[in-house]
Amino acid sequence: MPRYDFRCRSCGATFELRRAMAQANDPAVCPQGHPDTVKLLSTVAVTGVGGGAAAPQPAPGGGGGCCGGGCCG
């Protein structure tokens, strides 16, 4: 089950709740009982060991940029 981070606007506490994705946007009450909370954006780090495909490598002579072709620097 995913974990979601929230912050209480009343007391400033940051807390985490585990809930189904279908309930991700449901209101949350902070551990102190305050109902005025906001869901925080969180980053996800995905790591793995072996077994997966290697990340694609840029073509030789590529200049980077948004498409890797060197056209945009």
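## Exercises on a predicted fold

At 9% relative accessibility, F15 counts as buried. The model is predicted. The exercises start from this ring and work outward.

### Exercise 1. The aromatic pair

Task: Which ring pairs with that of F15, and is the pair stacked, tilted or edge-to-face?

Solution.
- Step 1: count the pairs. The structure has 1 aromatic pair.
- Step 2: name the partner and classify the geometry. The rings of F6 and F15 have centres 5.6 Å apart and planes at 15°, so the pair is stacked. The cut-off for stacked is planes under 30 degrees apart.
- Step 3: check burial. F15 is buried at 9%. F6 is buried too, at 3% relative accessibility. The cut-off for buried is under 20%.

### Exercise 2. The nonpolar core

Task: Which residues make up the largest nonpolar core, and which element gives the largest share?

Solution.
- Step 1: list the members. The core has 7 residues: Y4, F6, C8, F15, A24, A28 and C30.
- Step 2: assign the largest share. Strand β1 supplies 3 residues, the largest share of this core.
- Step 3: look around one member, A28. Leaving aside neighbours within four places in sequence, A28 contacts F6, F15, L17, R19, H34, P35 and T37. Both rings of the stacked pair, F6 and F15, are among the contacts of A28.

### Exercise 3. The sheet

Task: In what order do the strands lie, and which strands are at the edges?

Solution.
- Step 1: set the order. The 3 strands form an open sheet, ordered β2-β1-β3, with antiparallel pairing.
- Step 2: find the edges. Strands β2 and β3 each pair on one side only, which makes them the edge strands.
- Step 3: add the twist. Neighbouring strands are turned by 35° against each other on average, direction ignored.
- Step 4: inspect one pairing. Strands β1 and β3 run antiparallel and are joined by 3 bridges. C8 stands opposite T37 of β3. C8 belongs to the largest nonpolar core, and T37 is one of the contacts of A28.

### Exercise 4. The salt bridges

Task: How many salt bridges does the structure hold, and which parts of the chain does each one link?

Solution.
- Step 1: recall the principle. Side chains of opposite charge can pair when their charged atoms come close.
- Step 2: count. There are 2 salt bridges.
- Step 3: take the strand pair. The side chains of E16 and R3 meet at 3.7 Å, N to O. E16 lies in β2 (residues 14–18) and R3 in β1 (residues 3–8), so this bridge ties together parts 13 residues apart in sequence.
- Step 4: check exposure of that pair. E16 is partly exposed, at 45%. R3 is exposed, at 51%.
- Step 5: take the loop pair. The side chains of D36 and R9 meet at 3.5 Å, N to O. D36 sits in the loop between β2 and β3 (37–39), R9 in the loop between β1 and β2; they are 27 residues apart and link distant parts of the chain.
- Step 6: check exposure again. D36 is partly exposed at 35%, whereas R9 is exposed at 56%. The cut-off for exposed is over 50%.

### Exercise 5. Two loop residues

Task: Where do C11 and A20 lie, and which residues does each touch?

Solution.
- Step 1: place C11. C11 lies in the loop between β1 and β2. C11 is partly exposed, at 39%.
- Step 2: list its contacts. Beyond four places in sequence, C11 touches C30, Q32 and H34. C30 is a member of the largest nonpolar core, and H34 is also in contact with A28.
- Step 3: give a distance. C11 and D36 are 25 residues apart in sequence and 9.4 Å apart in space, C-alpha to C-alpha. D36 is the acid in the bridge to R9.
- Step 4: place A20. A20 is in the loop between β2 and β3. A20 is partly exposed, at 30%.
- Step 5: list its contacts. Neighbours within four places aside, A20 contacts M1 and Y4. The C-alpha atoms of A20 and Y4 are 9.8 Å apart, and the two residues are 16 apart in sequence. Y4 belongs to the largest nonpolar core.

### Exercise 6. After the last strand of the sheet

Task: Where is S42, and how many residues separate S42 from F6 in sequence?

Solution.
- Step 1: place S42. S42 is in the segment after β3.
- Step 2: check exposure. S42 is partly exposed, at 45%. F6, by contrast, is buried at 3%.
- Step 3: give the separation. S42 and F6 are 36 residues apart in sequence and 9.8 Å apart in space, C-alpha to C-alpha.

Definitions and conventions: Residues numbered from 1 in each chain as written. Predicted model: local features only at pLDDT ≥ 70, side-chain atom pairs only at ≥ 80, totals over all residues. Heavy atoms only, no water. Salt bridge = Lys/Arg side-chain N within 4 Å of Asp/Glu carboxyl O. Helix = DSSP H or I, 4+ residues; strand = E, 2+ residues; numbered from the N terminus. Buried < 20%, exposed > 50% of the residue type's maximum accessible area, 1.4 Å probe, protein only. Pairing = 2+ DSSP bridges. Axes fitted to C-alpha atoms, helices over the stretch in contact; angles between N-to-C directions. Contact = heavy atoms within 4.5 Å. Phe/Tyr/Trp six-rings, centres within 6.5 Å; stacked < 30°, edge-to-face > 60°. Core = buried A, V, L, I, M, F, W, Y, C linked by side-chain atoms within 4.5 Å.
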